[in-house]
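Good morning, colleagues. Please turn to the sequence and the structure on the screen, and I shall take you through them.

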Amino acid sequence: MYPEQNTASPKLKLAVSLNGTAKEGAIGPPLGLIDIGESDGGYLFRVALPGVKSSNSNLKCNIHSDGSVRIEGVVADAQILKNESEEFELKLHQLCPAGPFTISFNLPGPVDPRLFSPSFRPDGILEVVVLKPRAPRVSTEGA
């Protein structure tokens, strides 16, 4: 028998708020699943956004110094799918419904919102690195 292992950090009690289509999506890959990693200098978080296209989603990511994050966007309506030679009418709906969404959560600690690097990957994952605030340097000159 294997002992139970709790792999979640006790500091990372993630409360996520979903609204709009992110809340309604009951089937298919869920919108708004989040992974958070931490290093000495910052945080990396990944948010699953299936059905969101970087070109027409109005995707916005707002990060505040207290570590709160708000992601807004639009899941595009895909009633007709196209490839190079044909059009296909969508008969089965497994992705999140079309419409606006917001995803809000808090990182485990404060950050410097000016120092973040977002990347929207082709697989529908928003990946963001944001740095922790630097402690002010204490000068010993003239002491």
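Leaving aside its neighbours within four places in sequence, which residues is Val47 in contact with? The answer has nine names: Gly32, Leu33, Ile34, Ile71, Ile103, Phe105, Gly124, Ile125 and Leu126. Please keep in mind throughout that this is a predicted model.

Val47 also belongs to the largest nonpolar core, a group of 21 residues. Together with Phe45, Ile71 and Phe105, Val47 is among those with the most contacts inside that core. Five strands, β3, β4, β5, β8 and β10, each supply at least two of the core residues. As background, in soluble globular proteins nonpolar side chains tend to be buried together.

Let me now turn to the overall architecture. The protein chain has one helix and ten strands, and along the sequence they follow the pattern β-α-β-β-β-β-β-β-β-β-β. Of its 143 residues, 28% count as buried. Among contacts between residues at least 6 apart in sequence, 61% join residues at least 24 apart.

How confident is the predictor, and where does that confidence fall? The average pLDDT of the protein chain is 79, and 69% of the residues score at least 70. Among the elements, strand β3, residues 42-48, has the highest mean, 96, and strand β6, residues 80-82, the lowest, 60. Over residues 1-8 the pLDDT is below 50, and this stretch makes zero contacts in the model beyond near neighbours in sequence. Where pLDDT is low, the predicted coordinates should not be read in detail.

We come next to the sheet. Four strands form an open sheet in the order β1-β8-β5-β4, with antiparallel pairing. β1, residues 17-20, and β4 each have a single partner strand, so one side of each is left without a neighbour in the sheet. From one strand to the next, the twist averages 10 degrees. At one edge, four bridges join β1 to β8, residues 99-106, and Ser17 has Ser104 as its bridge partner there.

At the other edge, four bridges join β4 to β5, residues 68-75, and these two strands run antiparallel. Asn62 finds its bridge partner in Arg70 of β5. The two strands form a hairpin with four residues between them, and Gly67 in the turn has a positive phi of about 95 degrees.

Which side chains of β4 are buried, and which are not? Along residues 60-63 they alternate: Cys61 and Ile63 point to one face and are buried, whereas Lys60 and Asn62 point to the other and are not. In general, side chains in a regular strand alternate between the two faces of the sheet.

His64 lies in the loop between β4 and β5. Why does His64 count as partly exposed? Its relative accessibility is 43%, and the partly exposed class runs between 20% and 50%. Not counting residues up to four places away in sequence, His64 touches Val111 and Pro113. His64 and Pro113 are 49 residues apart in sequence, yet their C-alpha atoms are 5.6 Å apart in space.

Finally, I draw your attention to Lys132, in the segment after β10. The side chain of Lys132 reaches the backbone oxygen of Ser39 at 2.9 Å. Beyond residues up to four places away in sequence, Lys132 touches several others, including Glu38, Asp40, Tyr43, Pro110 and Asp112. Val111, in contact with His64, is also touched by Lys132.

Technical notes. Residues numbered from 1 in each chain as written. Predicted model: local features only at pLDDT ≥ 70, side-chain atom pairs only at ≥ 80, totals over all residues. Heavy atoms only, no water. Buried < 20%, exposed > 50% of the residue type's maximum accessible area, 1.4 Å probe, protein only. Pairing = 2+ DSSP bridges. pLDDT = per-residue confidence, 0-100. Contact = heavy atoms within 4.5 Å. Polar contact = N/O pair within 3.5 Å; in protein donor to acceptor, adjacent residues only side chain to side chain. Axes fitted to C-alpha atoms, helices over the stretch in contact; angles between N-to-C directions. Core = buried A, V, L, I, M, F, W, Y, C linked by side-chain atoms within 4.5 Å.
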